[in-house]
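Student: I should like to examine how the descriptive terms applied to this structure are justified. May we take them one at a time?

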Amino acid sequence: MSTMTLFHSPLSPFVRKVMVVLHETGQLERVQLQPVNISPVSGDPQLNLDNPIGKIPALRLEDGTVLHDSRVICEYLDQQHVGLPLLPREGSARWRRMTLVSQADAIMDAAVSSRYESFLRPEDKRWDGWLQAQGDKIRRSLDNLEQEHLPELISGFDLAAIGVACALGYLDLRQPGFGWRERQPGLAAWYAEVVKRPSMVATAPVA
């Protein structure tokens, strides 16, 4: 029975991250999806009622409380199931994994920002320097994952790994020519396996 409502857009990598968590923790049936179609210049009145920043994902709980920001929602969901936690509950391992979660979110932020700049902004007002800077952030972050964090990603499909997988999926969707697989073959091999997980297959975006 659905007791929560998720404001949802299937092409958002942040929404996808929440959906993957719902699948992985067996909580999908607890959530009703509320489709929204928003952009930085076009909001949704219902979404704005209890979520003043008007961003997705947002999760309305049974008592009417609305959680927003994918990290907050995923942390909440991680404490609502009976399986192994998707993040360590305490200690240095927790902060290390949370930093990886943040890094994955930063890749998504840069990719979404690039999408807005290249697709929504009028062509004569587009800023090539901005697009270059976002691309550089993504490349540095992926190179760091390749060089420093592959063993951690391989160790288990936790919140950090889910975030990285969703970020790579969004790059494939919106910037298929980015060429990250050639630069990060280890990351590419890892992603080729995790993308087969039922939670990733079920949430795969279609442009």
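Tutor: A nonpolar core is a set of buried Ala, Val, Leu, Ile, Met, Phe, Trp, Tyr and Cys residues joined through side-chain atoms within 4.5 Å. The model discussed here is predicted. Its largest nonpolar core has 58 residues, and Leu142, Leu168, Trp180, Leu187 and Trp190 touch the most other members. Helix H6 (residues 159-174) gives the largest share of this core, twelve residues.

Student: Why is this core said to lie between domain 1 and domain 2?

Tutor: Domain 1 (4-79) and domain 2 (91-198) both give residues to the core, so the core lies between them.

Student: Which residues does Trp180 contact, leaving aside neighbours within four places in sequence?

Tutor: Trp180 is in contact with Leu142, Leu168, Leu171, Asp172, Leu187, Ala188 and Tyr191.

Student: Why is Arg94 called buried?

Tutor: Buried means under 20% relative accessible area. Arg94 has 14% relative accessibility and therefore counts as buried. Arg94 belongs to helix H4 (residues 91-120).

Student: What makes the pairing of Arg94 with Glu75 a salt bridge?

Tutor: The criterion is a side-chain nitrogen of Lys or Arg within 4 Å of a carboxyl oxygen of Asp or Glu. For Arg94 and Glu75 the closest N and O atoms are 3.1 Å apart, so the pair satisfies the cut-off of 4 Å. The two side chains also make a polar contact, at 3.1 Å, and the cut-off for that term is 3.5 Å.

Student: How many salt bridges and polar pairs are found between domain 1 and domain 2?

Tutor: The count between the two domains is four salt bridges. Five residue pairs are in polar contact across the interface. On the side of domain 1 that touches domain 2, helix H1 (13-24) and helix H3 (70-78) each supply at least two residues. The largest share of that side, seven residues, comes from H1.

Student: What is the area buried between domain 1 and domain 2?

Tutor: The buried area is about 1,500 Å², and carbon and sulfur atoms give 68% of it.

Student: Thr203 and Thr3 remain. Why is Thr203 called buried, and why is Thr3 called partly exposed?

Tutor: Thr203, at 10% relative accessibility, falls under the 20% limit and so counts as buried. Thr203 touches Arg16, Met19, Val20 and His23, not counting residues up to four places away in sequence. Partly exposed covers values between 20% and 50%; Thr3, at 25%, therefore counts as partly exposed.

Terms used:
Residues numbered from 1 in each chain as written. Predicted model: local features only at pLDDT ≥ 70, side-chain atom pairs only at ≥ 80, totals over all residues. Heavy atoms only, no water. Buried < 20%, exposed > 50% of the residue type's maximum accessible area, 1.4 Å probe, protein only. Helix = DSSP H or I, 4+ residues; strand = E, 2+ residues; numbered from the N terminus. Domains from an automatic or database assignment. Contact = heavy atoms within 4.5 Å. Polar contact = N/O pair within 3.5 Å; in protein donor to acceptor, adjacent residues only side chain to side chain. Buried area = accessible area lost by both parts, 1.4 Å probe.
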